[in-house]
Structures are given as structure tokens and as C-alpha cells.
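I opened my notebook and set out to look up how this chain folds. My notes follow the order in which I looked.

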Amino acid sequence: MPADLDEKVKRYEDMLKRALQKAKYAPIQGSHMYAVAKDYYTMAEAYYKDGVYFLENSDPVNALASFSYGHAWLDAGAKLGVFAVDDETLFTI
């Protein structure tokens with residue numbers, strides 16, 4: 001049975017919210033890679049805010065896409081090594 005859209009949106013929103021709380025910048029402050037980490041994190045936050053906006057405006061499909069894209073930025077940053085993470089349920093590590 002396919003996942004219910006509303007359930008999936010809530011699950012992805014929660015996953016991104018928890019990932020934002022756990023992702024910590026790994027590079028030395030002021031370095032080029034620190035700037036990369038900041039950019040990745042900023043993108044993830046922006047997609048989270050977009051997802052919330054879409055939810056508030058009864059658009060669950062775009063909310064789900066936003067939460068998914070936001071998480072992808074954090075997961076890519078974790079793989080790149082710009083985030084120090086230790087939760088393999090939230091990140092591909």
C-alpha cells in the first residue's frame with residue numbers, strides 16, 4: 001500500500017527538522033569549506049521554510065518536494081564532509 005501523502009509530508013518534515021538540528025559545521029571557521037557548509041545549511045533551511053509555507057497554503061505536494069530537497073542538501077554536505085553527523089538514520093554515512 002502506498003504511503004499516504006499527508007503522512008509522508010509529516011515524516012519528511014520531521015526528518016529535515018531533526019537533520020537541521022544535528023548537522024554541525026565540520027570545517028575550520030573562515031575556510032572555504034566552512035563557507036560551503038554554510039551555503040548547504042542555508043539552502044536546507046530555506047527549503048524547510050518553503051515546505052512550511054506550502055503546508056500552510058494547502059500544497060502538500062510542493063511541501064514534500066521542499067522537505068526532500070532540503071534534506072538532500074544536508075545529506076550531500078554530510079557525504080562531502082562539511083557536516084559532522086553521527087546519525088545513520090538521518091544521513092547517508
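Below are my entries, from ground rules to single residues.

**Ground rules.** I am working with a predicted model, where local features need pLDDT of at least 70, side-chain atom pairs count only at pLDDT 80 or more, and totals for chains, interfaces and linings use all residues. Residues are numbered from 1 along each chain as its sequence is written, and side-chain values use heavy atoms, with hydrogens and water left out.

**Overall layout.** I looked up the elements and found three helices and two strands. Helices (H or I, at least four residues) and strands (E, at least two) are DSSP runs, numbered from the N terminus. Their order from the N terminus is α-β-α-α-β.

Next I checked the dimensions. The C-alpha atoms fill a box of roughly 45 × 25 × 15 Å along the principal axes. The radius of gyration is 14 Å, which agrees with the value near 12 Å for a compact globule of 93 residues. That radius is taken over C-alpha atoms, and the globule rule is 2.2 Å times the number of residues to the power 0.38.

Then I looked at burial. Buried residues make up 31% of the 93. Buried means under 20% relative accessible area, exposed over 50%, and partly exposed in between (1.4 Å probe, protein chains only).

I also looked up contacts (heavy atoms within 4.5 Å). Of those with a separation of 6 or more, 64% join residues 24 or more positions apart.

**Helix H1.** H1 covers residues 5-22 and reaches 26 Å from its first C-alpha to its last, close to the 26 Å expected. The expected span is 1.5 Å times one less than the number of residues. At its start, a side-chain oxygen of Asp 4 comes to within 3.3 Å of the backbone nitrogen of Asp 6.

Which residues of H1 are buried? I listed Val 9, Glu 13, Met 15, Leu 16, Ala 19 and Leu 20. They line one face of the helix, because they fall within an arc of 165° seen down the axis. The arc is that of the directions from the helix axis to the C-beta atoms. These buried residues pack against H2 (32-56) and H3 (60-80). On the other side of H1, Asp 6, Lys 10 and Gln 21 are exposed.

**Helix H3.** H3 has 21 residues and reaches 30 Å, close to the 30 Å expected. Its buried residues include Ala 63, Phe 67, Gly 70, His 71 and Leu 74. The buried residues cover an arc of only 165° around the axis, which puts them on the same side of H3. What covers them includes H1, H2 and strand E2 (83-84). Val 61 and Lys 79 are exposed on the other side. Just after H3, Gly 81 takes a positive phi of about 95°.

**Core.** How many residues are in the largest nonpolar core? I noted 20, with Leu 20, Leu 74, Phe 83 and Phe 91 having the most contacts inside it. H1, H2 and H3 are the elements that give two or more residues to this core. A nonpolar core is a set of buried Ala, Val, Leu, Ile, Met, Phe, Trp, Tyr and Cys residues joined through side-chain atoms within 4.5 Å. Leaving out residues up to four places away in sequence, Leu 20 touches Tyr 41, Ala 44, Glu 45, Tyr 48 and Leu 74.

**Glu 88.** My last stop was Glu 88, in the segment after E2. Buried or exposed? Glu 88 is exposed, with a relative accessible area of 65%. Its C-alpha atom is separated by 24 Å from that of Ala 63, 25 residues apart along the chain.

Key
Polar contact = N/O pair within 3.5 Å; in protein donor to acceptor, adjacent residues only side chain to side chain.
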